[in-house]
Amino acid sequence: MFVSDSVAGRRPRIRTRTEASILHADLDSFYASVEQRDQPWLRGKPVIVGGGVVLAASYEAKAFGIRTPMNIGQVLRLCPHAVLVPPRMSAYAAASKAVLAVFHDTTPIVEPISIDEAFLDVGGLRRIRGAPIDIARTLRAEVARSVGLPISVGIAGTKFLAKVASAVAKPDGLRLVEPGAELEFLHPLPVERLWGVGKVTAATLHANGITRIGQLAELGEPHLRAILGPAAARHLFALASARDPRRVETGKRRRSIGAQRALGRRHREPDELAAYLDGLTDRLGRRLRAADRVCRTVILRLRFDDFTRATRSHTLAEATDATAALRHAARLLLDTAQPLITERGITLIGLALTNLDDADTMQLTLPLQPRADNTLDATLDDLRRRFGSTAVTRAALLDKGAGLSVPLLPD
Ligand SMILES: [Mg+2]
């Protein structure tokens with residue numbers, strides 16, 4: 001094998017478990033709740049925080065159908081007596097900090113998602129703090145007592161289910177999804193509850209008669225693929241089947257992944273180097289997608305006959321997990337370095353992907369659409385997953401073997 005992992009920062013690995021011990025804690029109507037806390041006359045009233053558009057609406061306002069980010073004209077049509085309050089960001093930041101302190105008093109494993117929500121892992125705390133449901137009750141009481149805000153908590157064995165559970169529990173509620181009861185909980189819910197189902201995907205599903213998560217699961221992945229494309233089908237079918245292997249991450253994150261190949265000392269033609277580079281790109285692209293990450297920066301690493309080294313990097317306009325985009329960047333870097341390679345002779349070629357981010361963060365904000373460019377990637381990933389990593393390779397690499405195993409250059 002010629003691939004080795006470069007681990008820039010290790011983080012605790014917490015996978016889906018049989019015990020429901022992942023908490024998703026989410027403040028209810030955060031900004032509006034802070035205003036109702038600080039200005040008692042607003043309590044019980046439909047409060048809108050915002051200027052031109054709604055940044056937050058109290059539950060009293062939501063009852064009139066008011067949602068973020070509606071404009072104020074729409075708000076006043078739906079609820080003429082709504083109370084409009086300008087935002088006080090410093091008050092929200094202070095409240096957020098105070099709530100985060102309660103989270104950290106609860107468990108060392110906290111993964112903040114935004115200003116008003118976080119995942120907490122309370123597995124392994126049973127003997128000192130009790131069962132997850134008791135820990136969640138204490139947490140809710142403590143946030144109410146010390147910060148004065150309502151917070152809803154979902155508890156489950158996966159992050160996705162915990163997040164859905166907290167949403168179902170709102171407002172000011174607690175919901176435990178017992179191990180074994182995941183599908184019973186999930187399947188009656190509307191498809192919009194699935195991460196990655198935005199307006200466009202929901203409309204496509206509705207047009208095919210699918211409104212509930214259970215219908216989506218029943219349809220099966222192959223049929224779903226025909227409707228949404230392979231990437232979205234795989235993602236949504238996994239969620240609908242309550243599969244979500246993501247860990248609770250504590251901020252220490254892997255910052256790069258890399259692979260390299262030792263070449264020995266003999267002369268290499270440019271197209272041979274390009275083929276090796278393509279092989280590395282294929283592998284890293286697959287690992288990136290398997291980890292649900294996207295990458296912004298591609299780095300080419302070279303070692304020469306005289307043991308000197310060089311790196312060349314290219315930052316993409318937008319983060320990607322598509323092999324074609326990564327390959328384009330890698331090839332550009334190789335072309336630029338070719339005069340140096342000709343001059344010094346190359347003994348090692350390596351590629352690293354850095355500036356990594358979670359693919360989820362994109363999927364949460366953008367409607368998940370099948371990406372035509374990525375269908376080949378998804379198909380190849382699937383073949384390699386099922387038949388092994390050597391099942392499919394580039395024609396240019398067919399007689400080149402696996403190369404030598406060498407430790408990766410430090411990132
Ligand atoms: Mg919230």
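**Two aspartates and the strands around them**

Let's start at Asp116, which lies in the loop between strand 5 and strand 6. Keep in mind as you look around that this is a predicted model.

Is Asp116 buried or exposed? Although it belongs to a loop, Asp116 is buried, because 23 other C-beta atoms lie within 10 Å of its own and 20 are enough for a residue to count as buried. Setting aside neighbours within four places in sequence, Asp116 is in contact with Asp26, Leu27, Phe30 and Ser96.

Now step back to the strands on either side of this loop. Strand 5 covers residues 110-114, and it pairs with strand 6 in the antiparallel sense over four bridges. The two are joined by a hairpin, with two residues making the connection. Within this pairing, Ser114 stands opposite Glu117 of strand 6. Strand 6 itself takes in residues 117-121, and four of its five residues are buried, so this strand is mostly covered.

Strand 6 has another partner to follow. Strand 1, residues 22-27, runs antiparallel to strand 6, and five bridges join them. Here Asp26 stands opposite Glu117 in strand 6. Glu117 therefore faces a residue on each of two strands, given that strands pair through bridges: Ser114 and Asp26.

That brings us to Asp26, which is found in strand 1. Asp26 also counts as buried, because it has 22 C-beta neighbours inside 10 Å. What does Asp26 touch beyond its neighbours within four places in sequence? Its contacts are Asp116, Glu117, Ile151, Ser152 and Ser166. Asp116 and Asp26 thus appear in each other's contact lists, with contact taken as C-beta atoms within 7 Å.

The UniProt record gives you a reason to look at this pair together: in an unreviewed entry, the annotation "binding site" covers Asp26 and Asp116. These positions span 91 residues in sequence, yet no two of their C-alpha atoms are more than 5.9 Å apart, so they gather at one spot.

Finally, zoom out to the whole protein chain. You will find 16 helices and 13 strands there. Of its 411 residues, 38% are buried, and both Asp26 and Asp116 belong to that buried group. Among contacts with a separation of 6 or more, 69% are between residues 24 or more positions apart. The contact between Asp26 and Asp116 offers an example of sequence-distant residues brought to one spot.

Technical notes. Residues are numbered from 1 along each chain as its sequence is written. This is a predicted model: local features need pLDDT of at least 70, side-chain atom pairs count only at pLDDT 80 or more; totals for chains, interfaces and linings use all residues. A residue is buried if 20 or more other C-beta atoms lie within 10 Å of its own, exposed if 12 or fewer, and partly exposed in between; C-beta atoms are placed from the backbone. Two residues are in contact if their C-beta atoms, placed from the backbone, lie within 7 Å. UniProt positions are given in the numbering used here, feature names are shortened, and annotations may be inferred rather than shown by experiment.
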